[in-house]
Amino acid sequence: MSISAKNIARLGMVAAIAAISSTVVPAAFSQQSAPVIRIDGSSTVYPVTEAAAEQFQKQQGGKIRVTVGISGTGGGFKKFCRGETDISNASRPILAKEIEECKKNNIQYIELPVAYDAMTVVINPQNSWAKSLTVEELKKMWEPDSKINNWSQVRSGFPNLPLKLFGPGADSGTFDYFTEAINGKAKASRKDYTASEDDNVLVQGVTRDRGALGYFGYAYYVENKNKLKAVAIDNGKGPVMPSDKTVLNGTYQPLSRPIFIYVNANSAKRPEVRQFVTYYLSNGPAIVKKAKYVPLPSSAYKAILAKFDKNQVGTAFGGKEAIGLKLDDLIKRGLQ
Amino acid sequence: MVHNPKLVAVLHNPVAIAESIQQRKRWEQIFILLGWFSLLVALLTLVVLVADLLIRGWPLLNPNFLPKFLSSPPSSDPEEAGILTAWVGSLLVILVTIVVAVPLGIGAGIYLEEYAPKNWLLDFIEINITNLAGVPSIIYGLLALGFFVYILNWGESILTAGCTLALLILPVVIVTTRESLRAIPIGIREGAYSVGASRWQTIFDHVLPYSMGGILTGIIVGVSRALGETAPLVTIGALTFITFLPDAPIKAEPPFISFNWLWSPFTVLPIQMFNWVSRPQEAFQINSAAAGVVLLVLTLLVNSIAIYLRYRFRKSIKF
C-alpha cells in the first residue's frame, strides 16, 4: 500500500497549497476589467430587466457588464439600501421600513416605473358560468375565514360545484398586492387554498379542475391562453377583461399594478449606469412586450426618462402599496 | 436442553424436519422477492426520472444544439438561452468546496477517531457533528452570509459559495471518515504496532489506505449534494443573469496562475433550472430539463475521479 500512501501525501500537499494560496490572495485582485452594473430584486420584474440587460450588453459589444439576481423585492431592497447593488427590481413601491433603512445608510434613489402587470383571475375552460366576477364576490371567496367552498355560494344561479382555489404563497409580491386590492389588507387571506410560489403549478391546478379558480401575473395567462380562461373583473363599472388596452386606459381595476426599478442616485452618476437606464427606458415598449408585460405608452417612457435625467430622488408613494393607480396618476405622481 | 414438547416431537421426526426446512426456504424466497421489489421501485423511479428529463430536454441535447446550449449565456429568449456561465460556475464552486472540505473533513475525522481522548467533550462534539449533518442547507447559507460575506468581506464570490458548500458537506465527510476508520479490523493495527510502527505510521500506511474506499463514498455523497444546492447560494447572493465568465485561472504571462476567479460573481446550474422552471413560456421547460441532464452528467464527471480512486483502492485491498 506504499504507493497509495504516497498518493495521499501528494494529494494532501496539493490540496493544502491550493487552500492556503486561495485564502491568502487578497481581495484587492477582485476588480474586473469591464465596468459591472449590479442589479437584484423581484422575480416578477426579472424577465423585463433580463431582456434589457441582454440587449444592452449586445449593443455595447460586451464593454459593459450587467448582472441580475433574484432575491425578491424585499431581499433586493435590503441589498440596495446597504449600497451593494446599483439598481433594484421591485414589484411594489419601496416601503416605509425600507425607506428608513436606505436613509440610515445615506442611500438616495430614483424611482422609475417600467411596466404594468395585470393580475389575472383565471378559471377552467369548461367553466361557462363565471364570465365575470365582482370585487365583492372575489372578496367573499378570498377573505380570511371565508367559508365559501361551492360555486353556488358565490352567486345565486351558479352551479352546485365545489370551488377549488389556487394562489401564490405568502412570500410573493403578487399575494401582497392581491390581498390588499381585494381584501383591503395586505397578507390578509384565507389559508385553505392550494398555494405555490411556482405559478406554473397554479396553471396546472386550474387546468385540471372544472371548479377551480386561481390568480397570478398576466404573463402566465398570456402564455397559457389555450388552457385557461380569464375572468372579467367588475369594479362597479361593468366587467372588464385584462388586456394591454384596459390596463393602459385604467379600466382594469383594481388588479393592475405598476412595477418599478430603483436606481441608486450615486450609481446613476456613473456613465455606464446612465447609459443602461437610458437604453432601458427608451426601448421600454419592445423590452416589456418581450417579457409579456404591459408596456406604458411611449410618451410615459419619455416623461420617466426626463425624470431620470433630472436625478429626481425619493418615492412618490410614501411607503405604501399603490392600489388601483391609473397610469395618468402614476406619471403625475412619479413626476412630482 | 429442549423442553418444548412440540419442538421435541418435530426434532425426532425427519418428515417434520424436512417440512420445516421447506417452510423456511419459502420465507427466504419471499424475502428475496421483497428485496427485488424494493430494488425495482428505487431503480425504476430513477430510470423514469432520468428518461423523462432526457426526453423533455432532447430538443437541446441532440448533437446539433448541444454545443450552442453549452456555450451560450442565459437569455430572455428560450432558443438563445444556454448554460455556459452556469456550468462553469458550478464547476469552479465545487472545486473550491472539494479543496476545502476534503482535507479538513478527513483530518478532523482522523483526529476524532484516532487521537482525541475519549471523554465528555468528544461525546459532545460527536453529537454536534452528527446533528450538523441534518441541518437544513438554508441555515448554512445564513451563517455564510453573516460570516463570509459581511465579516470576512469576501463578497458574493465563488470563494464564498465554495466555502459555504464546504461547511455544508463537512459533517458528512467527517462522519463517513470515522465510520470507515472504525471498520478496519483491529488485527491490522496490532500487526503494525507489533513491528514497531508509530501511531502515525500505522494510520498513514495502513488504516487510512484501507479505509479510503469508504471515505471516498462519503466524499461522493457530499459533493453530489453540494452540486445540487440552490438555497444557500441564493442566500449569499448567487446571480441569475450573468453573461461573462470568471477570470481565467491560467495566464500567458508569469506567474501563469491567477486566483482572480475566486472573487468573481457567479451563477450555478440548479439556479438556472429553478429560474427556467418557473418562467411562463413553455419553451423554457425544455431548457430546464436539458440543464438537469447536464447537471447529472457534471455530477458524474466530478465524482468519476473519486469513483476511479475508490475502485483502485478497493482492488488493492485483500483481507
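**Exercise 1. Find Lys292(A) in this predicted model and work out which loop holds Lys292(A), what is unusual about its phi, and whether it is buried, partly exposed or exposed.**

Step 1: Start with the helices on either side. Lys292(A) sits in the loop that links α12 (284-290) to α13 (298-309) of chain A.

Step 2: Check the backbone. Phi of Lys292(A) comes out near 65°, which is a positive value for a residue that isn't glycine.

Step 3: Now the accessibility. Buried needs under 20% and exposed needs over 50%. Lys292(A) has a relative accessibility of 28%, so it goes down as partly exposed.

**Exercise 2. Do the same for Asp145(A): which loop is Asp145(A) in, what is its phi, and is it buried or exposed?**

Step 1: Look between α5 (135-142) and α6 (151-154) of chain A; Asp145(A) is in that loop.

Step 2: Its phi is near 65°, again positive in a residue other than glycine.

Step 3: With a relative accessible area of 66%, Asp145(A) is exposed.

**Exercise 3. Where is Ser189(A), is it buried or exposed, and which residues is it in contact with beyond four places in sequence?**

Step 1: Ser189(A) belongs to the loop running between α7 (173-183) and β8 of chain A.

Step 2: Its relative accessibility is 5%, so Ser189(A) counts as buried.

Step 3: Pick out the contacts, ignoring neighbours within four places in sequence. You should get Trp142(A), Glu143(A) and Pro144(A), plus Phe175(A), Thr179(A) and Asn183(A).

**Exercise 4. Which form does the peptide bond from Gln253(A) to Pro254(A) take, cis or trans, and in which loop is Pro254(A)?**

Step 1: Read omega for the bond from Gln253(A) to Pro254(A). Omega is near 0°, and the bond is cis.

Step 2: Place the proline. Pro254(A) lies in the loop between α10 (244-248) and β13 (256-264) of chain A.

**Exercise 5. Sort out the pairing in chain A: what is the order of the open sheet of three strands, which of its strands stand at the edges, and what are the partners of β7(A)?**

Step 1: The open sheet has the order β6-β11-β12 (chain A), and its pairing is mixed. β6 (132-134) and β12 (239-240) of chain A are the edge strands; each has a single partner strand, so one side of each has no neighbour in the sheet.

Step 2: Zoom in on β6(A). Three bridges tie it to β11 (residues 232-234) of chain A, and the two run parallel. Within that pair, Leu133(A) is opposite Ile233(A).

Step 3: Move to β7 (residues 164-167) of chain A. Three bridges join β7 to β9 (residues 212-216) of chain A, running parallel, with Lys164(A) opposite Ala212(A). Two bridges join β7(A) to β8 (residues 194-195) of chain A, also parallel, and here Phe166(A) faces Thr194(A).

**Exercise 6. How many helices and strands does each chain have, and what is the radius of gyration of chain B?**

Step 1: Count the elements. Chain A has 14 helices and 13 strands, while chain B has twelve helices and zero strands.

Step 2: Compare burial. In chain A, 55% of 336 residues are buried; in chain B, 44% of 319 are.

Step 3: Look at the surfaces. Chain A exposes about 14500 Å², with 54% from carbon and sulfur atoms. Chain B has about 16900 Å², and 72% of that belongs to carbon and sulfur atoms.

Step 4: Finish with dimensions. Chain B has a radius of gyration of 26 Å, where a compact globule of 319 residues would be near 20 Å. Its C-alpha trace spans about 85 × 55 × 35 Å along the principal axes.

Conventions. Residues are numbered from 1 along each chain as its sequence is written. Chains are lettered from A and ligands numbered from 1 in the order in which they are written. This is a predicted model: local features need pLDDT of at least 70, side-chain atom pairs count only at pLDDT 80 or more; totals for chains, interfaces and linings use all residues. Side-chain values use heavy atoms; hydrogens and water are left out. Helices (H or I, at least four residues) and strands (E, at least two) are DSSP runs, numbered from the N terminus. The radius of gyration is taken over C-alpha atoms; the globule rule is 2.2 Å times the number of residues to the power 0.38. Buried means under 20% relative accessible area, exposed over 50%, partly exposed in between (1.4 Å probe, protein chains only). Accessible areas come from the Shrake-Rupley method with a 1.4 Å probe; for residues, only the protein chains shown count as cover. Two strands pair if DSSP finds at least two bridges between them. Contact means heavy atoms within 4.5 Å.
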